[in-house]
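Please work through the following exercises with the sequence and the model side by side. Each one sets a task and then solves it step by step.

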Amino acid sequence: MSRYNIWKLKPVFPEARELSRTAGLTLLQAHFLVHRGMRDPQTVKDFFDPRLASLQDPLTLPDMGEAVRIVQHAIEQDWKITVYGDYDADGITATAVLIHFFDAIGLKASAYIPNRLREGYGLNREAVRRIAADGTKLLITVDCGSSDYRAIAAAQRAGLTVVVTDHHQVPENYRPPCAVVNAHRSGGPSALRPLAGVGVAFFLAVAIRTALREKGWFKTRKEPDLREYLDLVALGTVADRVPLLGQNRILVNSGLRMMAESRWEGIGAMKAAAQIDRLSVTADDLAFRLAPRLNAPGRLGGAALALEILTVRDIAKAERAARELTALNQERQRLEREILKQIDAQVASMGDVDRLRTLMLCGENWHTGVLGIVASKLVDRYHKPAVVLSLQDGLGIGSGRSIDGFNLFGALTEMAHLFERYGGHAHAAGFALKRVNLDTFRKDLEQLAWDQLDDESLVPGLDIDAVVSLADIDFRTLTEIDALAPFGEGNPEPCLLVRDVTVFESRLVGDNHLKMSVAQDGCVFDAIGFGLGDLAPAKGERVNLAFVPEKNTWQGVERIQLKLLDLAGWDEPVPSILEDARSQLDVLGAEYE
């Protein structure tokens, strides 16, 4: 019945009780935070109080001082500036932040977003030629550029001054071709390495504003309030799936508050189109409702519409763009389904895929814009690194996703001689290589995975934070858990386990979703399991549930429902690590007795 092969129950650490006492937390909260690596009161204080005042000095980023000097000179000399962004949500929001910022200080900057299908990722020489021809003198990249040596050299030969802001990894002994603001460079502050591209762009805006303020620029001009840009920063940060801890937690926490009443017409239009009609916007809303819409046009070709909706100041135009984004997102979903259908047929013909450490699937003229999402779905399904390629005119254009324990960017770097180009980070990467190199790539990638991944790494598991009873779940519990938000990469929603509950009702709703009502010792809760219809138990059956408690409002009445992540028969020999369940319940339950 279970979706996961292993339920991994996290142990109870004695430090949780001490942390609860010294940091003023409930025991349940302390237990959660210890498992997230927070074991001292100051770290916990910073976690629960993510103030903008705690953001690090932007000048600690490599080359930030030089970048500010260049941009300030360009502003004073009234140079034309072009912001060159990537075509995904991170790059689009980063571009929008700088366009709005330059506009606010009285400078009309241009934007350039490459077409994914015609130009590919990163700075390219043809784009540089066009940008130089339109009179631009300063080119600022966001979310790209660190490794684009040839395009940067072409820009410099064309008379452009180039500033790169980026967050992607760079190789050892990296030699910057210009001012490159990237925390992954040698000596870059470790606290800023998790920033998304939009976070780096925001830090650049902060540093430029400070420099202009010191020069007296705002004595006769209105100084922009950069807090108004934080909703854009939050959207790009969540969309790029960087860890929502440290500096990112500060940015996203503040940005979600701004998102509720955004000053940008396009944000309001997208929220309406995504049916986000409440003031309390969550990180899940950004990740699963807004980001896919913003990513859709870039995945299908040109991302101009995505940038337009974040920069347009006309409500009617914003609403039209929001409708178009929704339609494009639906088309993107259709293309994914088509490719996955072909992949399912390929996998069926491969025999036992369990013998493989990696998956590599290829197809003629698959739409390259959706390959990354397809690879992600394969990782979710098979829990092993997955690479998906579209074969076109002698080339394989590919995208890959990985699991913990296998650095995909590192693997590609070891095989750099095979690629025409590549880039990315540990869990996601893109590349292009000649067809003649495909078999070598397949074999070498598989061998690297055998060298680096053991059998346990390839077993999908569900991490269980705590074992509770249904009687422990009330609105106070939800308040304790909500205090840990925003949730996302690096800070997942706590997953709870309740054992031996009885199913009162079990039925399918929507697209294979499981709706249940369960009871234990007189406590009754509704439960919903999205996509878990295949696991539906019979009425009267006794089950173990892995879930996240959440608030559900129906007809103005707030109730608690259980968002199911997995379930299993209470007496099934599920290969779950449950030996400590009784002792953990005693420890965590003591507070409620």
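**Exercise 1.** Find how strand S1 and strand S12 are joined, and say which way they run relative to each other.

Solution. Begin with S1 (residues 6-9), which four bridges join to S12, the two strands running parallel; two strands pair if DSSP finds at least two bridges between them, and helices (H or I, at least four residues) and strands (E, at least two) are DSSP runs, numbered from the N terminus. Next, take Trp7, whose bridge partner in S12 is Leu462. Then follow the side chains along S12 (residues 461-464): Leu462 and Ile464 point to one face and are buried, whereas Gly461 and Asp463 point to the other and are not. Here buried means under 20% relative accessible area, exposed over 50%, and partly exposed in between (1.4 Å probe, protein chains only). As a general rule, in a regular strand the side chains alternate between the two faces of the sheet.

Before going on, note that this is a predicted model, in which local features need pLDDT of at least 70 and side-chain atom pairs count only at pLDDT 80 or more, while totals for chains, interfaces and linings use all residues. Residues are numbered from 1 along each chain as its sequence is written, and side-chain values use heavy atoms, with hydrogens and water left out.

**Exercise 2.** Describe the open sheet that has parallel pairing, and the helices that lie on this sheet.

Solution. First, write down the order of its five strands, which is S3-S2-S4-S5-S6. S3 and strand S6 (179-181) stand at the edges, each with a single partner strand, so one side of each is left without a neighbour in the sheet. The twist from one strand to the next averages 20 degrees, where axes are lines fitted to C-alpha atoms, for helices over the stretch in contact, and angles run from 0 to 180 degrees between N-to-C directions. Now look at S2 and S3, which run parallel and are joined by three bridges; Thr82 stands opposite Ser110 in S3. Finally, add the helices: helix H4 (residues 64-76) packs on the sheet and touches S2, strand S4 (138-142), strand S5 (161-165) and S6, its direction making about 115 degrees with that of S6. H5 lies across S2, S3 and S4, running at about 165 degrees to S2. Contact means heavy atoms within 4.5 Å.

**Exercise 3.** How are the rings of Tyr84 and Tyr112 arranged?

Solution. The structure holds ten aromatic pairs, and rings of Phe, Tyr and Trp (its six-membered ring) pair if their centres lie within 6.5 Å, with planes under 30 degrees apart counting as stacked, over 60 as edge-to-face and the rest as tilted. The ring centres of Tyr84 and Tyr112 are 5.3 Å apart and their planes stand at 15 degrees, so this pair is stacked. The pair links distant parts of the chain, with Tyr84 in strand S2 (residues 81-85) and Tyr112 in strand S3, 28 residues apart. Tyr84 counts as buried at 0% relative accessibility, and Tyr112 counts as buried at 15%.

**Exercise 4.** Describe the sheet with mixed pairing and the helices packed on this sheet.

Solution. Five strands form this open sheet, in the order S7-S8-S9-S11-S10. Its edge strands are S7 (359-364) and S10 (419-424), each of which pairs on one side only, and the twist averages 15 degrees from one strand to the next. Within the sheet, S8 (residues 386-392) and S9 (residues 395-401) pair in the antiparallel sense over seven bridges, and the bridge partner of Val387 in S9 is Gly400. Helix H15 (residues 315-350) packs on the sheet, touching S7 and S8, with its direction at about 125 degrees to that of S7. Helix H16 (residues 371-382) also packs there, touching S7, S8 and S9, and its direction makes about 45 degrees with that of S9.

**Exercise 5.** At what angle do the axes of helix H10 and helix H13 cross, and which residues meet?

Solution. The axes of H10 (residues 230-239) and H13 (residues 283-300) come within 9 Å and cross at roughly 85 degrees. The two helices are therefore roughly perpendicular to each other, since angles under 35 degrees count as roughly parallel, over 145 as roughly antiparallel, 65 to 115 as roughly perpendicular and the rest as oblique. Ala234, Leu235, Val238 and Ala239 in H10 meet Ala283, Leu286, Ala287, Leu290, Ala291 and Leu294 in H13.
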